[in-house]
Amino acid sequence: MTAKQIHLAAHFPGVNNTTVWSDPEAGSHIEFSSFVKLAQTAERAKFDFFFLAEGLRLREQGGHIYDLDVVGRPDTFTVLSALAAVTDRLGLAGTINSTFNEPFEVARQFASLDHLSAGRAAWNVVTSWDAFTGENFRRGGFLPQDQRYSRAETFLRTAWELFDSWRGDELLADKESGRFLAGGGDFAHHDEHFDISGRFPVPRSPQGRPVTIQAGDSEEGREFAAATADAIFTRHGTLEAGQAFYSDVKGRLAKYGRSPHELVILPAATFVLGDTDAEAHELAHEVRLQQVSEQTAIKFLEQLWNTDLSDHDPNGPLPSFDPVVGDLISKGRASVRMYRDPVATAREWRQLAEAKHLSSRELIIEVTGRQNFIGSAETVASAMNELVQADASDGFILVPHVTPGGLDQFADQVVPRLQERGVFREDYSGPTLRDHLGLD
């Protein structure tokens, strides 16, 4: 049996607490040179694409800006358009919200990016779940989950109609006849979400449509991905959880007339490398201590207990009382949505802390850990390959903990070992992101 090829992408960190911005090696998260450094390293290593997350509002906790992590970034299209000029093959993926934007404008921006990059654009389609973020936008408010995904799917399909309003043969530019254009761009879309018509002004781009990425683990999110996405960004990175997610989502494709290869599953993955496995684990422990300081541990506890814990000792046991159920004190953090039953989660945390003799801070380090791959370059390459060959994923979106140089060691040490195994490309086989991902 031919081994599966591994897909790799580079995530520019910034909208999370896993970024160790205080590390001596860390640089700016807003200067263009940082984006260039990470993107060019990814391209040198022949990664599929460079990925930008999005933060639409500064987070708050207890009415104060939550400033213990990196909380925002410059405009996505501006950054990716600039990167198109300093890269040649690397895909350029941006997170753009479907709740607070309009299909025409987003389609125009992505079609333009696909032209500027010669076919390397990708759109990570996300929704927004809270009124707090919505306050930054004219319409304000938010949509219930079922309506968010209904709007998102309609938004995406409307954008597709705009992309497809050009066949690709309308630009004549015939100097002898003096005829430049033969039609193109007509569109009309009318439904409960959008009522638009006119002519789309950007001719068909090299990919026709940008690659579509979806990030979401809910039932609605999985179904949306199966129906529309080319790739899905997931958090399921372990063997059993990855295999279950992989089987579930790929099993939904047939009802939409799609084959398993038409959806690439890419969990987020962190890594810590060392000369030996023991050294890597020592480094990983130090990284986690930087990622979860005493102050950060308290903030995480407050997000579950939903109350002020500023007087709580992070090096002592967990709070003895149950979480407060009600309006959330943490604003703008998607992670709080995972606590669907805070009281039950707190009970689980107490049991884990008691079993492993963990302090509050140690417990937070344990339950928020995202270091998927720790070890020597050989160990990490082997572990990644095993997960992909076992259908736990099709590859990984790598999230370095230091910006912008955190990918260098992986590119120099792990990628060559994957290439030696014959499971990662030596060079790009085509010019577009669809080529890199093996998509039609």
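## Cavity, buried contacts and backbone outliers

The largest cavity has a volume of about 40 Å³. The model is predicted. One cavity of 30 Å³ or more is present in the structure. Ten residues line the largest cavity, and the closest to its centre are Thr270, Gln291, Val399, Pro400 and His401. Two elements give two or more residues to this lining: strand 14 (271-273) and helix 8 (277-291). Rolling a probe the size of a water molecule over the atoms shows where empty space is left.

Helix 8 also appears in the packing of helix 11. Helix 11 spans residues 360-367, and its buried residues are Ser360, Arg361, Leu363, Ile364 and Ile365. The cover over these buried residues includes helix 8, helix 9 and helix 10 (342-356).

Next, proline 323. Proline 323 sits in the loop between helix 9 (294-305) and strand 15 (330-331). Is this residue buried or exposed? Proline 323 counts as buried, because its relative accessibility is 8%, below the 20% cut-off. Beyond its neighbours within four places in sequence, proline 323 is in contact with Leu304, Trp305, Pro342, Val343 and Ala346. Asparagine 306 is 17 residues from proline 323 in sequence, yet their C-alpha atoms are 6.1 Å apart in space.

On the surface, Leu171, Phe180 and Leu181 make a nonpolar patch of about 300 Å². Phenylalanine 180 belongs to strand 8 (residues 179-181). Phenylalanine 180 counts as exposed because its relative accessibility is 55%, over the 50% cut-off.

Now the backbone. Most residues other than glycine have a negative phi, and most peptide bonds are trans. The table lists exceptions.

| Site | Backbone value | Place |
|---|---|---|
| Lysine 46 | phi near 70 degrees | loop between helix 1 (32-44) and strand 2 (49-52) |
| Alanine 173 | phi near 45 degrees | strand 7 (residues 171-174) |
| Threonine 403 to proline 404 | cis, omega near 5 degrees | proline 404: loop between strand 17 (395-398) and helix 13 (408-420) |

Lysine 46 has a positive phi and is not glycine. Alanine 173 likewise has a positive phi in a residue other than glycine. How accessible is alanine 173? Alanine 173 is partly exposed, because its relative accessible area is 46%, and partly exposed lies between the 20% and 50% cut-offs. The third entry concerns omega: the peptide bond from threonine 403 to proline 404 is cis.

Conventions. Residues numbered from 1 in each chain as written. Predicted model: local features only at pLDDT ≥ 70, side-chain atom pairs only at ≥ 80, totals over all residues. Heavy atoms only, no water. Patch = residues over 30% accessible without salt bridge, like charges linked within 9 Å, V, L, I, M, F, W, Y side chains within 5 Å. Areas by Shrake-Rupley, 256 points an atom, 1.4 Å probe, with all protein chains shown as cover. Salt bridge = Lys/Arg side-chain N within 4 Å of Asp/Glu carboxyl O. Helix = DSSP H or I, 4+ residues; strand = E, 2+ residues; numbered from the N terminus. Buried < 20%, exposed > 50% of the residue type's maximum accessible area, 1.4 Å probe, protein only. Contact = heavy atoms within 4.5 Å. 1 Å grid on protein atoms, 1.4 Å probe; cavity = no way out; pocket = protein on both sides within 12 Å on 5 of 7 lines; lining within 4 Å. Points joined across faces, edges and corners; volume = space filled by probe spheres on them.
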